[in-house]
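Me: I should like to work through this structure by question and answer. Please let each reply end on the value or name requested.

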Amino acid sequence: MSGLLSAYRWASRAAYLPAAPLLRARAGRTPRGFLAGRLGLEAGEPLRPDLWIHAVSVGEVAVAEAVVAALDRRGGGLDIVVSCGTPAGWDRARDRLGGRCRVVGYPLDFPQVVARALRRLRPRVYAAVEAELWPNLLLSVRRSGARTVLLNGRISARSYPAYRRIRSLTRPLLQGFDRVCAISGRHAERLQALGAPPDRVVVTGNAKFEGLLDRPDPGAAAAVRSRLGVEGAVPVWVAGSLRKGEEGPALDAFCRLRGRWPGLVLCLVPRHLERVGRCHRAARRRGLEAVDWSRLPGKTAPVVVVDEIGPLFDLYGTARVAFVGGSLAPKGGQNLMEPAAWGCPVVYGPHTENFEDARAALDAAGGGMEVRDAGTLAAAVDRLLADPGRRDEMGRRARAALEGLAAGAAERQADVLLRALGPA
């Protein structure tokens, strides 16, 4: 065990005693089952699931959904537990997987908490999604005799330098996985450089994208359009997953477009709900009327601010054009393939490091377009609204790019898990 890993384990054990009262104080502000899981305090008989999948938040839960569906297509009837590390992930997992899997909170990585959690959960196989490398949990799971798999393994270009600086920590953790499923060749190379044994790494594709292929529901999109109160000919532009400072360029672009497209509706979807108020203030400063999504139907305004978690994906199904945020601000981007699943043209800024494979696929297929500021954003939206033929073709190319990236990824990762499970 490396010196850095030993230091981490010692420090996390020592930090638990002063941290414990603060953690329990969160109980009134956190879903009870989620918090109990995080503290390793869930009651009941010990569980012996075939598979424990950890999916930290909403994007990782999408991977779990696709992989669980692929496993079920094999007809194995596996006993599966899915854990989450955020309330948003917990809500998504309970909504999408709660009828199929047991959903629990992921234990905080203190040795004392991990020990309690593993007295309750003793899986045959533990599978972490993407880059969830929690040392105490991983080492304890291995010592329990379970096999370990990294699903949808990825290290973004943006985070790779930071991981390299702590390679003495990542190396023993990655070496502890029996199998590492990388989403692409470049991610496989990064994982190997950080310590994953090359003979245990397999490139499987990105199951996060596969789960999007069958998700578009025309009925849900029609319901969203009805809630917005817009007729079929009224253009809707969705600016989704906006990060700090991105609502301003979106609204500035909208102001430039209103004269040419007087019926245009802009849906602003902040990545974090605490930014809803800032979106309203930014709209007022520009003389724009805005209404919250929660006040629809019954209220109308040229700008709709989505103040709830959940509607974004179906909103993309109503859009003529979609801008995906986290990309004008240097945040690495959000999921570029969500609008592509609907056959919607995708517009994004230059900062897409977290979705570099999706960006490369969209660029190669001609399904996406880069912008750099309010002016280029307005020009891109205007060009696509003015040319329906080009817009439709770009949307078809975006969908084709998604299909090329996603095909078979969940099936391949399910195969890896089944081999790890071996005979019952």
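**Two residues with positive phi**

Me: In which loop does E130 lie?
Reply: This is a predicted model. Strand 4 covers 125-129 and helix 6 covers 135-143. E130 lies in the loop between strand 4 and helix 6.

Me: What is the phi of E130, and is E130 buried or exposed?
Reply: E130 is not a glycine, yet its phi is positive, at about 75°. A residue counts as buried under 20% relative accessible area. E130 has a relative accessible area of 4%, so it is buried.

Me: Where is N152 found, and what is its relative accessible area?
Reply: N152 is a residue other than glycine with a positive phi, near 50°. N152 is found in strand 5, residues 147-153. N152 is buried, and its relative accessible area is 0%.

**The sheet of strands 1 to 7**

Me: Which are the edge strands of the open sheet with the order 3-2-1-4-5-6-7?
Reply: This open sheet has seven strands with parallel pairing. An edge strand pairs on one side only, and this applies to strand 3 (102-105) and strand 7 (201-203). From one strand to the next the twist averages 20°. The edge strands are therefore strand 3 and strand 7.

Me: What is the bridge partner of H54 in strand 2?
Reply: Strand 1 comprises residues 51-54 and strand 2 residues 80-84. The two pair in the parallel sense over four bridges. In strand 2, the bridge partner of H54 is S83.

Me: What angle does the direction of helix 4 make with that of strand 3?
Reply: Helix 4, residues 87-97, packs on the sheet. Helix 4 touches strand 2 and strand 3. Its direction makes an angle with that of strand 3 of about 175°.

**One face of a helix**

Me: Within what arc do the buried residues of helix 8 fall?
Reply: Helix 8 spans residues 167-175, and L169, T170, L173 and L174 are buried in it. Seen down the axis of helix 8, these buried residues line one face of the helix, because they fall within an arc of 115°.

**The sheet of strands 8 to 14**

Me: Which strands stand at the edges of the open sheet with the order 10-11-9-8-12-13-14?
Reply: This open sheet also has seven strands and parallel pairing. A strand at the edge has a single partner strand, so one side of it is left without a neighbour in the sheet. The twist averages 20° from one strand to the next. The strands at the edges are strand 10 (290-292) and strand 14 (368-370).

Me: How many of the residues of strand 9 are buried?
Reply: V265, C267 and V269 point one way from strand 9, while L266, L268 and P270 point the other way. In a regular strand, side chains alternate between the two faces of the sheet. The residues on both sides of strand 9 are buried. Strand 9 (residues 265-270) is thus largely enclosed by the rest of the structure, since its buried residues number six of the six.

Me: Which residue in strand 9 stands opposite W237?
Reply: Strand 8, residues 236-242, runs parallel to strand 9, and five bridges join them. V236 stands opposite V265 in strand 9. Opposite W237 stands L266.

Me: What angle does the direction of helix 17 make with that of strand 12?
Reply: Helix 17, residues 374-386, packs on the sheet. Helix 17 touches strand 8, strand 12 (321-324), strand 13 (346-348) and strand 14. Its direction makes an angle with that of strand 12 of about 155°.

Me: What is the omega of the peptide bond from L296 to P297?
Reply: P297 is found in the loop between strand 10 and strand 11 (303-305). The peptide bond from L296 to P297 is cis, with omega near -10°.

**The protein as a whole**

Me: What radius of gyration does the protein have?
Reply: The protein contains 19 helices and 14 strands, and its C-alpha trace spans about 65 × 45 × 45 Å along the principal axes. A compact globule with 424 residues would have a radius of gyration near 22 Å. The protein agrees with this, because its radius of gyration is 22 Å.

Me: What percentage of the 424 residues is buried?
Reply: The protein exposes about 17,300 Å², of which carbon and sulfur atoms supply 51%. Among contacts between residues at least 6 apart in sequence, 69% join residues at least 24 apart. Of the 424 residues, the buried ones make up 56%.

Terms used:
Residues numbered from 1 in each chain as written. Predicted model: local features only at pLDDT ≥ 70, side-chain atom pairs only at ≥ 80, totals over all residues. Heavy atoms only, no water. Axes fitted to C-alpha atoms, helices over the stretch in contact; angles between N-to-C directions. Contact = heavy atoms within 4.5 Å. Buried < 20%, exposed > 50% of the residue type's maximum accessible area, 1.4 Å probe, protein only. Arc of directions from axis to C-beta. Rg over C-alpha atoms; globule rule 2.2 N^0.38 Å. Areas by Shrake-Rupley, 256 points an atom, 1.4 Å probe, with all protein chains shown as cover.
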